[in-house]
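Student: Could we go through this structure together, one question at a time?

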Amino acid sequence: MFEFIAEASRWAIPAVLLFVPVIAALRKVKVYETFVDGAEAGFATAVKTIPFLVAMLVAIGIFRASGAMEVMVNTLSPVLNLIGLPTDVLPHAIMRPLSGGAALGIASDIIKTHGPDSFLGRLVSTMQGSCDTTFYVLTLYFGSVGVKKYRYSVMLGLLADLTTLFASIIIVRSVFN
Amino acid sequence: MVNLIWLGMIVFGIIVAGVNGNIEVITKAALDSANDAVTISISLIAIMTFWLGIMKLAEEAGLIRALAWLVRPVMRFLFPSVPKDHPAMGAIVMNLSANILGLGNAATPMGLIAMRELQKLNRGREDTASEAMCTFLALNTSCVTLIPTTIIGIRLLYGSADPTEIVGPTIMATAISMAAAVLFDRLLRSFYGSRGG
């Protein structure tokens with residue numbers, strides 16, 4: 001199963017690169033001209049994301065470097081302990097939506113300290129794999145089309161991330177009993 | 001909400017650094033992060049240009065519409081405001097598929113193309129997210145790769161007896177997360193009031 005998915009991943013892009021131009025040519029599309037026409041917007045789209053990404057990554061960078069996260073973890077830990085959640089994964093849960101690299105670093109640390117086959121190691125592995133860098137994705141995607149008012153999507157993304165956190169804890173507890 | 005979170009991270013960060021006596025990290029963090037942001041955007045130029053070219057070919061060949069047609073039943077339910085067989089549907093499906101296969105370099109451009117198509121359908125103000133965009137981003141951030149290769153690598157490195165044993169739980173957690181995203185999306189959409197688009 002894994003081999004199949006890995007193989008499919010390797011083939012996906014070459015297959016698209018082969019079939020799309022060939023089918024386009026069969027449909028009498030002028031392939032070269034059409035490609036260049038479409039590609040023209042690439043520069044503008046990429047450059048448009050700069051102010052959005054700078055704004056968001058600077059705020060996240062300051063939050064990370066200042067040690068604010070440790071303060072947040074120390075404040076939240078007693079509350080989480082009360083409802084029976086493992087507080088060791090809290091830094092990861094906070095960082096995961098903000099910064100993929102930072103979260104991976106934390107996950108790596110937990111796996112190293114507690115062992116990959118411990119409850120915490122398995123939990124943080126599952127959390128790393130099943131969540132995405134919500135803030136980065138929102139900033140980049142909305143930024144590329146110039147949307148500044150995100151309406152309820154931040155709340156939506158965070159609610160989904162929170163659900164993943166609880167789901168991961170319950171699933172890991174029951175699967176690796 | 002994003003205004004509050006943004007301000008909160010900066011103000012809280014600077015206060016904590018000040019109290020801890022390491023205020024000097026703030027300027028470096030800010031400038032380094034700005035640099036990282038520009039590097040990411042600039043590196044997007046290449047893959048965006050490339051994929052926009054390929055996607056234009058796919059669109060002219062009718063492939064995007066064909067793909068949109070294939071997934072019509074599910075997409076009609078998730079994106080009621082997007083006209084049937086619209087290219088946005090095709091781009092959304094390609095983005096989610098690339099995500100699932102772990103093709104980050106293709107997933108992002110497909111996602112940005114989907115956003116472009118959704119922006120064309122945005123009947124509200126141009127600087128405001130449409131409902132379809134919110135749904136798409138909720139699906140995108142909750143749907144992740146089937147095989148998290150990086151974390152499997154780390155587990156292998158620290159001597160796991162079975163590095164891939166977390167794949168099953170990860171897929172289960174992702175499925176729950178996607179279901180929750182769809183559910184919360186519906187709830188928030190009706191709570192915030194339908195605005196169209």
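Student: What pattern does chain B follow, read along the sequence?

Tutor: Happy to start there, and keep in mind that this is a predicted model. The secondary structure of chain B comes to nine helices and zero strands. Read along the sequence, the pattern is therefore written with helix symbols throughout: α-α-α-α-α-α-α-α-α.

Student: How much of chain B is made up of buried residues?

Tutor: Picture the chain's extent to begin with: its C-alpha atoms fill a box of roughly 60 × 50 × 35 Å along the principal axes. A residue counts as buried under 20% relative accessible area. Of the 197 residues in chain B, the buried share is 51%.

Student: What distance does helix α6 of chain B reach from its first C-alpha to its last?

Tutor: This helix covers residues 104–121, which gives it 18 residues. Of those 18 residues, 14 are buried, so α6(B) is largely enclosed by the rest of the structure. At 1.5 Å a residue the expected reach is 26 Å, and the model comes close to that, with a reach of 26 Å.

Student: At what angle do α9(A) and α6(B) pack?

Tutor: Here a helix of chain A meets the chain B helix we just discussed, with the two axes 8 Å apart. The crossing of α9(A) past α6(B) is right-handed. The angle between the axes is about 50°. That makes α9(A), relative to α6(B), oblique, at about 50°.

Student: How many of the eleven residues of α9(A) are buried?

Tutor: Among the buried residues of this helix are A:Phe135, A:Leu138, A:Tyr141 and A:Phe142. A:Gly143 and A:Ser144 are also on the buried list. The helix is largely enclosed by the rest of the structure, because the buried count among its eleven residues is ten.

Student: Which residue just after α9(A) takes a positive phi?

Tutor: Two positions are worth a look here. In the loop between α9 (134–144) and α10 (153–175) of chain A lies A:Arg151, whose phi is near 50°, a positive value in a residue other than glycine. Just after α9(A), at a phi of about 75°, comes A:Gly146.

Student: Where is A:Lys28 placed, and is A:Lys28 buried or exposed?

Tutor: A:Lys28 has a positive phi near 65°, and this residue is not a glycine. Its place is in the loop between α1 (2–26) and α2 (31–39) of chain A. The cut-off for exposed is over 50% relative accessible area. At 73% relative accessibility, A:Lys28 counts as exposed.

Student: How far apart are the axes of α2(A) and α2(B)?

Tutor: In chain B, helix α2 spans residues 24–60, and α2(A) packs against it at an angle of about 125°. That makes α2(A) oblique to α2(B). The crossing is right-handed, and the distance between the axes is 7 Å.

Student: Which hand does the crossing of α8(A) and α10(A) have?

Tutor: This pair lies within chain A, where α8 covers residues 119–130. The two helices pack at about 140° with their axes 9 Å apart. They are therefore oblique to each other, and their crossing is right-handed.

Student: How many disulfides are there over all chains?

Tutor: A disulfide needs two cysteine sulfur atoms within 2.5 Å. A:Cys131 is in no disulfide, since the nearest cysteine sulfur, that of B:Cys143, is 12 Å away. A:Cys131 is buried at 9% relative accessible area, and B:Cys143 is buried at 2%. Over all chains, the count of disulfides is zero.

Student: What separation lies between the C-alpha atoms of B:Asp185 and B:Thr135?

Tutor: B:Asp185 sits in helix α9 of chain B, residues 167–192. At 2% relative accessibility, B:Asp185 counts as buried. B:Thr135 is 50 residues apart from B:Asp185 along the chain, yet their C-alpha atoms are separated by 6.2 Å.

Student: And finally, what distance separates the centres of the two domains of chain A?

Tutor: Chain A is divided into domain 1, residues 1–40, and domain 2, residues 45–175. Taken over C-alpha atoms, the separation of the centres of domain 1 and domain 2 of chain A is 34 Å.

Notes:
Residues are numbered from 1 along each chain as its sequence is written. Chains are lettered from A and ligands numbered from 1 in the order in which they are written. This is a predicted model: local features need pLDDT of at least 70, side-chain atom pairs count only at pLDDT 80 or more; totals for chains, interfaces and linings use all residues. Side-chain values use heavy atoms; hydrogens and water are left out. Domain bounds come from an automatic or database domain assignment. Helices (H or I, at least four residues) and strands (E, at least two) are DSSP runs, numbered from the N terminus. The expected span of a helix is 1.5 Å times one less than its number of residues. Buried means under 20% relative accessible area, exposed over 50%, partly exposed in between (1.4 Å probe, protein chains only). Axes are lines fitted to C-alpha atoms, for helices over the stretch in contact, and angles run from 0 to 180 degrees between N-to-C directions. Angles under 35 degrees count as roughly parallel, over 145 as roughly antiparallel, 65 to 115 as roughly perpendicular and the rest as oblique. A crossing is left-handed if the near helix is turned anticlockwise from the far one by less than a right angle, and right-handed if clockwise.
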